Structures are given as C-alpha cells and as structure tokens.
Amino acid sequence: NTGQPTSPMLDLLKLLEGKRVILASGSPRRKDILTQIGIPITVKVSNFVENLCKKDHTPAEYVVATAKGKALQVWKDLDTPADLLIAADTVVELDGEILEKPQDRDHELRMLQKMSGRTHFVRTGVILLLPEKAKSADGSSPIIRTFAAETQVKIADMSQAAMEAYADTKEPYDKAGGYAIQGLGATFVESITGDYYNVMGFPAQRFCCELRSLVDEGVLVL
C-alpha cells in the first residue's frame with residue numbers, strides 16, 4: 001500500500017476489456033468523457049422523443065425519466081444484449097425552471113440574461129442497464145440503476161455585448177443551458193461547486209462509484 005488514494009474505477013478497467021458497453025447517446029462530450037476514463041464504449045444513438053411534461057417532474061426527476069426513456073428504447077432495439085448500457089440527460093435549472101438547448105439566437109440571449117450574475121444548477125440523470133443473469137441470453141428484463149448528479153455554477157455578470165457575441169458563435173446551440181464550460185463559455189463561468197464533468201454532460205466520478213457498487217453487489221459480473 002503506497003498510501004496514495006486510488007480511483008474507484010482504475011482496477012476495473014482491465015476487467016471491462018471485451019465487454020459490450022453501449023452508450024445510448026449521440027453526445028460527443030459524453031463519448032469523450034467515457035473514453036477518457038477508459039470505458040470501451042459503442043455508441044447507439046437513441047431516437048427517444050424528449051417531450052416529457054416538465055410540470056409533472058422536479059428537474060432531478062425529469063433528467064432521470066428522460067435518460068430512462070433513452071436507455072430503454074436503445075435496449076429494446078439491440079440485436080444482442082449488452083453487458084452494460086449507459087444513458088444520460090442533462091439540464092440547467094434556474095429558479096426551478098428547466099433550461100434546455102436554445103432553440104434560436106433570441107432564446108439563447110434570454111437564457112444568458114437570466115443566468116448572468118447568478119448561480120444555477122446543472123443536473124444530469126444517469127441510467128445504467130444490465131441484463132438479468134437468468135435472462136441474459138435474450139436481453140430482456142434489464143436491471144435498472146439510476147442516479148442524478150448536481151453541480152452549482154456561478155455565472156459572472158455579462159454585458160449585453162458579451163452575450164450577443166457568444167450567441168453569434170455556434171457553440172451554445174447544442175448545449176443544455178446554452179453554454180459550454182469546456183469552450184468559450186468558460187470565459188464567463190466564475191466558479192463551480194461539484195463535478196466539472198457533470199457540467200459537460202456526464203458525472204464521471206459518481207458514475208465510477210456506482211459502477212464499483214454494482215460490482216461489489218454482484219450485479220455486474222466482470
């Protein structure tokens with residue numbers, strides 16, 4: 001024992017080799033994060049229609065429910081079962097309102113004006129699906145593990161000119177909340193409390209802890 005802290009994931013990486021791990025998302029950021037931490041993924045984009053009624057869910061419930069819809073749709077369409085399927089959904093929440101991807105430039109400017117000088121929450125719901133041992137041959141009845149992660153983000157006071165300049169870039173239009181912390185949006189992020197990768201769209205450290213729990217419980221057999 002070197003006394004150095006160890007990742008809850010590092011000793012599992014070799015065991016994941018040869019396993020079929022599906023990411024049910026077309027997000028390049030989620031793909032990059034999972035690849036960065038050594039998860040051997042295959043991408044299967046979900047065509048789940050994200051039209052759940054926001055009024056019927058808290059923001060945390062909403063992202064979990066949307067991620068679950070994505071996950072189950074992809075699981076159902078798999079030709080052969082996966083050893084693990086991962087799905088996620090991310091939103092920004094301000095004053096209890098869910099801010100998703102901006103629809104156009106005016107919508108982007110309205111979101112930036114709301115967030116300027118204030119702290120908001122970034123919430124990501126994650127779904128992990130695994131085959132039941134007795135039914136793994138046909139991939140039916142998946143075991144479902146869910147969790148939601150939260151990060152607080154403080155946006156600096158932004159001038160109207162700065163907001164318009166950012167809205168004129170291509171960056172915000174496929175991002176929840178209309179900004180990218182890993183891009184030009186970093187210039188107006190004053191501080192964060194929580195997982196940086198959650199703001200990008202996938203809470204890497206919490207995912208690793210959940211994966212470790214699944215292995216320790218004997219649910220995920222590697």
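**Ser 46 and its surroundings: a conversation**

Colleague: Which residues does Ser 46 touch, leaving out those up to four places away in sequence?
Modeller: Ser 46 touches Ala 24, Lys 70, Gln 73 and Val 74. Please keep in mind that this is a predicted model.

Colleague: Where is Ser 46 found?
Modeller: Ser 46 is in the loop between β2 (41-43) and α3 (59-77).

Colleague: Why is Ser 46 called buried?
Modeller: Its relative accessible area is 18%. Buried means under 20%, so Ser 46 earns the word.

Colleague: And what makes the pairing of Ser 46 with Gln 73 a polar contact?
Modeller: The two side chains come to 3.0 Å. A polar contact needs a pair of N or O atoms within 3.5 Å, one able to donate a hydrogen and the other to accept it, and the Ser 46 and Gln 73 side chains make such a contact.

Colleague: Let's try a second pair. Which side chain joins that of Arg 145 in a polar contact?
Modeller: That of Glu 217, at 2.6 Å, again set against a limit of 3.5 Å. Arg 145 lies in strand β6 (residues 142-155). Leaving aside its neighbours within four places in sequence, Arg 145 is also in contact with Val 126, Ile 127, Leu 128, Glu 210, Ser 213 and Leu 214.

Colleague: On to helix α2. Which of its residues are buried?
Modeller: In α2 (residues 28-36) they are Arg 29, Arg 30, Ile 33 and Leu 34.

Colleague: How do you know that the buried residues of α2 line one face of the helix?
Modeller: Looking down the axis of α2, those residues fall within an arc of 130°, so one face of the helix holds them. Their cover includes β1 (21-23), β2, α3, β3 (84-94), α6 (196-200) and α7 (204-216). After α2 comes Gly 38, with a positive phi near 90°.

Colleague: What makes Ala 204, in helix α7, a buried residue?
Modeller: Its relative accessible area is 7%, and the cut-off is under 20%, so Ala 204 counts as buried. Neighbours within four places aside, Ala 204 is in contact with Ile 33, Asp 195 and Tyr 197. Ala 204 and Thr 35 are 169 residues apart in sequence, yet 11 Å apart in space from C-alpha to C-alpha.

Colleague: Which residues have the most contacts inside the largest nonpolar core?
Modeller: Leu 34, Ile 86, Met 115, Tyr 179, Phe 202 and Phe 207, in a core of 42 residues. A second, separate core of 13 residues includes Val 64, Ala 67, Ala 82 and Leu 85.

Colleague: What does Phe 207 touch, not counting residues up to four places away in sequence?
Modeller: Leu 34, Ile 37, Ile 39, Ile 86, Leu 128, Phe 147 and Phe 202.

Colleague: Now the whole protein. How many helices and strands does it have?
Modeller: Seven helices and seven strands, and from the N terminus the elements run α-β-α-β-α-β-β-α-β-β-α-β-α-α.

Colleague: Why is the protein called as compact as a globular protein of its length?
Modeller: Its radius of gyration is 18 Å, and the globule rule gives 17 Å for 222 residues; the two are close, so the description fits. The C-alpha trace spans about 60 × 45 × 30 Å along its principal axes.

Colleague: And what share of the 222 residues count as buried?
Modeller: 45% do. The protein exposes about 11000 Å², with carbon and sulfur atoms supplying 49% of that area.

Technical notes. Residues numbered from 1 in each chain as written. Predicted model: local features only at pLDDT ≥ 70, side-chain atom pairs only at ≥ 80, totals over all residues. Heavy atoms only, no water. Core = buried A, V, L, I, M, F, W, Y, C linked by side-chain atoms within 4.5 Å. Buried < 20%, exposed > 50% of the residue type's maximum accessible area, 1.4 Å probe, protein only. Contact = heavy atoms within 4.5 Å. Helix = DSSP H or I, 4+ residues; strand = E, 2+ residues; numbered from the N terminus. Arc of directions from axis to C-beta. Rg over C-alpha atoms; globule rule 2.2 N^0.38 Å. Areas by Shrake-Rupley, 256 points an atom, 1.4 Å probe, with all protein chains shown as cover.
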